[in-house]
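Student: Could we go through the nonpolar parts of this model together? I would like to begin with contacts.

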Amino acid sequence: MAKTVMLKHPQTGILKKGFYGYSWTTLFFSGFPAIFRGDIFMGLAVILLTMITGWLFPIIWGFFYNKRYTLGLLEQGYEFFDDNTKVLEAKEKLSIAVQ
């Protein structure tokens, strides 16, 4: 089951949810979770690959999508904005060095 961790952009103050763990929504709804998160290109690519491979691609992609999405937010400048326990668990699952 995917878990959430809050992220905040330091300049804009925008809060977003980051996710880690298996993406069951990607498994069941293909690329639509990505589209709803604003990741339109990735969502359309997943839908196309789902049509080509049947449901094989979403089964595999579900293991990677949440991590990819959350790391993308961190690369855009978002920072963890949650309690320390959640942040430490998220960093461990996302393979981010704990300082």
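Tutor: Certainly. Contact here means heavy atoms within 4.5 Å. Please bear in mind that this is a predicted model.

Student: With that in mind, which residues is Y65 in contact with, leaving aside its neighbours within four places in sequence?

Tutor: Beyond those neighbours, Y65 is in contact with S23, T26, A34, R37, D39 and M42.

Student: And which residues make up the largest nonpolar core?

Tutor: That core has ten residues, and Y65 is one of them. The others are L7, F19, A34, M42, V46, W61, Y69, L73 and Y78. Two of these, A34 and M42, are in the core and are also in contact with Y65.

Student: Which elements give two or more residues to this core?

Tutor: They are α3 (40-53) and α5 (65-75). The most comes from α5, with three residues.

Student: What lies apart from it?

Tutor: Another core, of five residues, lies apart from the largest one. Its members include V5, Y20, V87 and A90.

Student: Changing topic to the surface: which residues make the nonpolar patch?

Tutor: The patch is made by M1, W24, F28, F29, F32 and F36, and its area is about 810 Å². Two or more of its residues come from each of α1 (24-29) and α2 (32-36). The largest share, three residues, belongs to α1.

Student: Where is F32 placed, and why does it count as partly exposed?

Tutor: F32 is in helix α2. F32 counts as partly exposed because its relative accessibility is 42%, and that class lies between the cut-offs of 20% and 50%.

How values were computed: Residues are numbered from 1 along each chain as its sequence is written. This is a predicted model: local features need pLDDT of at least 70, side-chain atom pairs count only at pLDDT 80 or more; totals for chains, interfaces and linings use all residues. Side-chain values use heavy atoms; hydrogens and water are left out. Patches are made of residues with over 30% relative accessible area and no salt bridge: like charges are joined within 9 Å, nonpolar side chains (Val, Leu, Ile, Met, Phe, Trp, Tyr) within 5 Å. Accessible areas come from the Shrake-Rupley method with a 1.4 Å probe; for residues, only the protein chains shown count as cover. A salt bridge is a side-chain nitrogen of Lys or Arg within 4 Å of a carboxyl oxygen of Asp or Glu. Helices (H or I, at least four residues) and strands (E, at least two) are DSSP runs, numbered from the N terminus. Buried means under 20% relative accessible area, exposed over 50%, partly exposed in between (1.4 Å probe, protein chains only). A nonpolar core is a set of buried Ala, Val, Leu, Ile, Met, Phe, Trp, Tyr and Cys residues joined through side-chain atoms within 4.5 Å.
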